[in-house]
Amino acid sequence: MAALVALLVGLVVLVGSVSSAKFDELFQPSWALDHFAYEGELLKLKLDNYSGAGFQSKNKYLFGKVTIQIKLIEGDSAGTVTAFYMSSEGPTHNEFDFEFLGNSTGEPYSVQTNLYVNGVGNREQRLNLWFDPTTEFHSYSIFWNERHVVFMIDETPIRVHANLEEKGIPFPKDQAMGVYSSIWNADDWATQGGRVKTDWSHAPFVATYKGFEINACECPASVTADDIAKKCRSSTEKRYWWDEPVLSELNLHQSHQLMWVRANHMVYDYCSDTARFPTVPTECVHHHH
């Protein structure tokens, strides 16, 4: 593991990578600027009964790693959703989602992940977190290369979506994606299926952010869709860190971490929801995890 960390640190400086921990270098508010608060290195997004708030990256990316540290809403956060996600645009967009679902005080905080590939989603998994995400900052990351998409919390993998194109299953590898985060009211579904509503007497609900890092292949608007994939793939002329063989699959330690998370904290997996999917989705049959 130490060797892998050293590799990641050493290789992020290679061509095509950008990295920063300052919000305004990488991101910009996208709506409800009056619900933003800046306190030194901290950014706070506020939700009240007038509005939520959201921000987006200034650029789009194909392959690499995106990390944001978040301290989620304290106390009774039922009905609220704080989201961190990557997405491309259009009806056949790709998207990778973290959605943190608010709860009534004392209940475990849960995170729902989802993927859209070519506009098709319905791939939800839900975990109860094994820590209190409201008392300290935790790192939430999306790592992405041509082999797989890995969702991570504090570097622990919680979900892997492998490239199964040889089985005829589309994989998100040719659309540059923006990075987004937002906070909003979703009490029609977020907490106990919508049974617990948002208690606005506890507003404003505040999610706090820091440590914004993007180590990925930047795709300026001037780069055409046809050239994006070529630009961000390794070749004989350039070697990107995310294409290193050691990152083509989870190592043994990471595989054990993922199995532990799934065995102890998963509360919903679309792959085993026979009511929604009487026929098991094809990728569920072939995924190792």
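Me: How many helices and strands does the secondary structure of the protein chain come to?
Reply: Happy to start there! This is a predicted model. Going along the protein chain, the secondary structure comes to 15 strands and five helices.

Me: What is the radius of gyration of the protein chain, and what does the globule rule give for 289 residues?
Reply: The globule rule gives 19 Å for 289 residues, and the chain's own value is close to that, so the chain is as compact as a globular protein of that length. Along its principal axes, the C-alpha trace spans about 60 × 45 × 40 Å. The radius of gyration of the chain itself is 19 Å.

Me: What percentage of the 289 residues count as buried?
Reply: A residue is buried when its relative accessible area is under 20%. The accessible surface of the protein chain comes to about 13100 Å², and 51% of that belongs to carbon and sulfur atoms. Of the 289 residues, the share that counts as buried is 53%.

Me: Which strand gives the most to the largest nonpolar core?
Reply: Good one to look for in the structure! The largest nonpolar core has 64 residues, and F55 and F98 have the most contacts inside it. With eight residues, the strand that gives the most to this core is β14. In soluble globular proteins, nonpolar side chains tend to be buried together. So the name to remember here is β14.

Me: Which residues of helix α3 are buried, and which strands do they pack against?
Reply: Helix α3 covers residues 225–232, and its buried residues are I228, A229 and C232. They cover an arc of only 90° around the axis, which puts them on the same side of α3. On the other side of α3, D226 and K230 are exposed. The buried residues I228, A229 and C232 pack against β5 (60–71) and β14 (205–219).

Me: Which cysteine is joined to C217 by a disulfide?
Reply: A disulfide needs two cysteine sulfur atoms within 2.5 Å, and C217 has a partner with an S to S distance of 2.1 Å. The pair links distant parts of the chain, 15 residues apart, from strand β14 to helix α3. Both cysteines of the pair are buried. The partner of C217 is C232.

Me: Is the link of C217 and C232 left-handed or right-handed?
Reply: The angle to look at is the one about the S-S bond. For C217 and C232 that angle is -75°. The link is left-handed.

Me: C271 and C284 form a disulfide; which of the two is buried and which is partly exposed?
Reply: The sulfur atoms of C271 and C284 are 1.9 Å apart. C271 lies in the loop between β15 (266–269) and α5 (282–286), while C284 is in helix α5. C271 has 23% relative accessibility, so C271 counts as partly exposed. With a relative accessible area of 14%, the buried one is C284.

Me: How far from C219, which is in no disulfide, is the nearest cysteine sulfur?
Reply: At 5% relative accessibility, C219 counts as buried. The cut-off for a disulfide is sulfur atoms within 2.5 Å. The nearest cysteine sulfur to C219 is that of C232, at a distance of 3.6 Å.

Key. Residues are numbered from 1 along each chain as its sequence is written. This is a predicted model: local features need pLDDT of at least 70, side-chain atom pairs count only at pLDDT 80 or more; totals for chains, interfaces and linings use all residues. Side-chain values use heavy atoms; hydrogens and water are left out. Buried means under 20% relative accessible area, exposed over 50%, partly exposed in between (1.4 Å probe, protein chains only). Helices (H or I, at least four residues) and strands (E, at least two) are DSSP runs, numbered from the N terminus. The arc is that of the directions from the helix axis to the C-beta atoms. Contact means heavy atoms within 4.5 Å. A nonpolar core is a set of buried Ala, Val, Leu, Ile, Met, Phe, Trp, Tyr and Cys residues joined through side-chain atoms within 4.5 Å. The radius of gyration is taken over C-alpha atoms; the globule rule is 2.2 Å times the number of residues to the power 0.38. Accessible areas come from the Shrake-Rupley method with a 1.4 Å probe; for residues, only the protein chains shown count as cover.
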